[in-house]
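I'm opening the notebook on this one and jotting down what I look up as I go. Metal site to begin with, then the rest of the fold.

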Amino acid sequence: MRRARLFIILLLSFSATAQSPSPARVNGQRIHDHLKELSRFGANPQGGVSRVAYSEADLQGRQYAIGLMKAAGLDVHIDFAGNIVGTRAGSDASLKPLLLGSHIDSVPMGGNYDGDVGSLSAIEVAQILKEKQIALRHPLEVIIFQNEEGGTVGSQALGEGLDEKHLNLVSNSGKTIREGTRIVGGDPDRLASARRQPGSIAGYFELHIEQGGTLEREKIDIGVVEGIVGILHSDVTIEGFANHAGTTPMDQRHDALLSAARFLEKVNQIVTGVPGRQVGTVGWIKVEPGAYNVIPGKVVLGLELRDLDEKKFVGLFEQIRAEAEQLGKLNQTRFNFTEPVISHPALTDKGFQKLIDSTAHSLGFSTKVMPSGAGHDAQEIARIGPVGMIFIPSIGGISHSPKEFSRPQDIENGANVLLQTVLAFDKGH
Ligand code: GLV
Ligand code: MN
Ligand code: MN
């Protein structure tokens, strides 16, 4: 009888240790304080930040992050692509590195959480490892990728690589990616050396705010990302003829803005005309010459399409392009599309999904497996190794806005899931 009881006690204590997470926890207050500090760089009056890549604010934010990384015991360098890379040796030199990261650049008039939560939490993980003197078997790399908002630039440089087309793109700061890469300390002439070979990493984990409203609405603590949408961008130029707005009869105009208006409607019809979750947006527009009394002679606008299925959004793009040609004929304007720039969709690793899910449950959190409608550096890193993503709730589902907000407790929860996932991964792989 006593032996049987002893056996049961042993069994219970074994199963408890097998499932319970390490006692190490992140310092939620510290992450909160760091988020607040970071939000000073590029702060806008609306309460968010405009810290577009390659701006003065971006450079200041990067310096701040470098300081935190060094304090967390990381050896910091800027790679040829301009990413900030903090490394920490592992105890088993034969193992490939485990990567953590995100970005700290923002969209114009952005918020204080997109990218920042994941970046500062990855640094916090390193800080805790240092404070608790936890040696990982794997080498660790914390990476703050440059210019995520301008098309996952830094992470793409590691994965697929950047070509001339990418380098010549003008970013939100007004600088080309080539110029910007130099400004942040990279070397556009040596980008090939920044690339990582497929199979050269053990894995990559990224914590991020959801940027949609599902987790908050369903009162779920942690999202386990199953896949990340692909994104297509193309600049569309519409050439008309600028002429006097008072003397040119209505039937003799080549009004580029009128064609643009018809185009916007057509994009919406085409994107909503097939079943699925695909989305299409025209997010910016420039009109020339831009005066009350001149018929617009030229319009340039930005077209974006997204879906988990690349074939689908490329097909929609072709359809939009064909329809635009017809539209142009209506008032003799000419449409011209730049060659599309694509961030490829990516699935996360099934094993990583399970690991994040079980880790979150072991910490007492509810979870939901879900897709990401936003783009992330993880989708580029997926080309070189397995990736996993952890989402936390975004209040009101608002993002890319100064009103973006995630609760401190949710941020702490997500960072603890990241920390415990790293520890569990390191033990098991
Ligand atoms: C990145 O934030 C994107 O989804 O545009
Ligand atoms: Mn974003
Ligand atoms: Mn982001």
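How are the donor residues of the manganese ion (ligand 2) spaced in sequence? I read off D-x34-E-x250-H. Note to self: this is a predicted model.

**Entry: manganese, ligand 2**

I listed the donors of this ion: Asp114 (OD), Glu149 (OE) entered twice, and His400 (NE2), at 2.0 to 2.8 Å. Asp114 sits in the loop between β3 and α4, and Glu149 in the loop between β4 (140-145) and α5 (153-158), so this pair ties together parts 35 residues apart in sequence. I checked burial for the two, and both Asp114 and Glu149 are buried.

**Entry: manganese, ligand 3**

Next I looked up the other ion. Its protein donors are His103 (NE2), Asp114 (OD) and His208 (NE2), and they lie 2.0 to 2.3 Å from it. Along the chain I get the spacing H-x10-D-x93-H. His103 belongs to strand β3 (residues 98-103), while Asp114 is in the loop between β3 and α4 (116-131), 11 residues away. His103 is buried, and so is Asp114.

Which residue coordinates both ions? That's Asp114, with the two manganese ions 3.6 Å apart.

**Entry: ligand 1**

I pulled the residues surrounding ligand 1: Asp114, Glu148, Glu149, Arg306, Ala374, Gly375 and His400. Asp114, Glu149 and His400 were already in my notes as donors of the manganese ion (ligand 2).

Then I went through polar distances to oxygen atoms of ligand 1. For Arg306, a side-chain N or O atom is 2.7 Å from one. Glu149 has a polar side-chain atom at 3.0 Å, and His400 has one at 3.1 Å. How much of ligand 1 does the protein bury? I get 89% of the 190 Å² that ligand 1 exposes when taken alone.

**Entry: Arg51**

Buried or exposed, for this arginine? Arg51 has a relative accessible area of 0%, so I put it down as buried. I found it in the loop between α2 (28-38) and α3 (56-71). Its side chain makes a polar contact of 3.2 Å with the side chain of Asp116. Leaving out residues up to four places away in sequence, Arg51 touches a long list, including Leu38, Phe41, Ala57, Gly61, Ile104, Val107 and Asp116.

**Entry: α3 and α13**

I did a length check on α3. Its 16 residues should span 22 Å at 1.5 Å a residue, and the end C-alpha atoms are 23 Å apart, which agrees. Buried residues in α3 include Ala57, Asp58, Gly61, Tyr64, Ile66 and Leu68. I also asked what covers them, and the cover includes α2, β1 (75-78), β2 (84-88), α4 and β4. Just after α3, Gly73 takes a positive phi of about 85°.

I ran the length check on α13 (residues 408-428) too: 21 residues, reaching 30 Å from first C-alpha to last, close to the expected 30 Å. This helix is mostly covered, with 15 of its 21 residues buried.

**Entry: Thr248**

I located Thr248 in the loop between β7 (230-239) and α9 (256-272). Its relative accessibility is 8%; the cut-off for buried is under 20%, so Thr248 counts as buried. The Thr248 side chain reaches the backbone oxygen of His244 at 2.6 Å. Beyond neighbours within four places in sequence, Thr248 is in contact with Asn243, Arg253 and Ile295. I noted the C-alpha distance from Thr248 to Ile295: 8.7 Å, across 47 residues of sequence.

**Entry: backbone oddities**

Reminder before the list: most residues other than glycine have a negative phi, and most peptide bonds are trans.

Gln211 has a positive phi of about 75° without being a glycine. I placed Gln211 in the loop between β5 (203-209) and α8 (214-217), and at 15% relative accessible area it is buried.

Gln332 is another non-glycine with positive phi, near 50°. Gln332 lies in the loop between α10 (310-330) and β10 (334-337), and its 57% relative accessibility makes it exposed.

Where is the cis peptide bond? I found it from Glu288 to Pro289, with omega near 0°. Pro289 is in the loop between β8 (279-288) and β9 (298-307).

Notes:
Residues numbered from 1 in each chain as written. Chains lettered and ligands numbered in written order. Predicted model: local features only at pLDDT ≥ 70, side-chain atom pairs only at ≥ 80, totals over all residues. Heavy atoms only, no water. Donors = N, O, S within 2.8 Å, 3.2 Å for Na, K, Ca; no water. Helix = DSSP H or I, 4+ residues; strand = E, 2+ residues; numbered from the N terminus. Buried < 20%, exposed > 50% of the residue type's maximum accessible area, 1.4 Å probe, protein only. Expected span 1.5 Å × (residues − 1). Contact = heavy atoms within 4.5 Å. Polar contact = N/O pair within 3.5 Å; in protein donor to acceptor, adjacent residues only side chain to side chain. Near = heavy atom within 4 Å. Areas by Shrake-Rupley, 256 points an atom, 1.4 Å probe, with all protein chains shown as cover.
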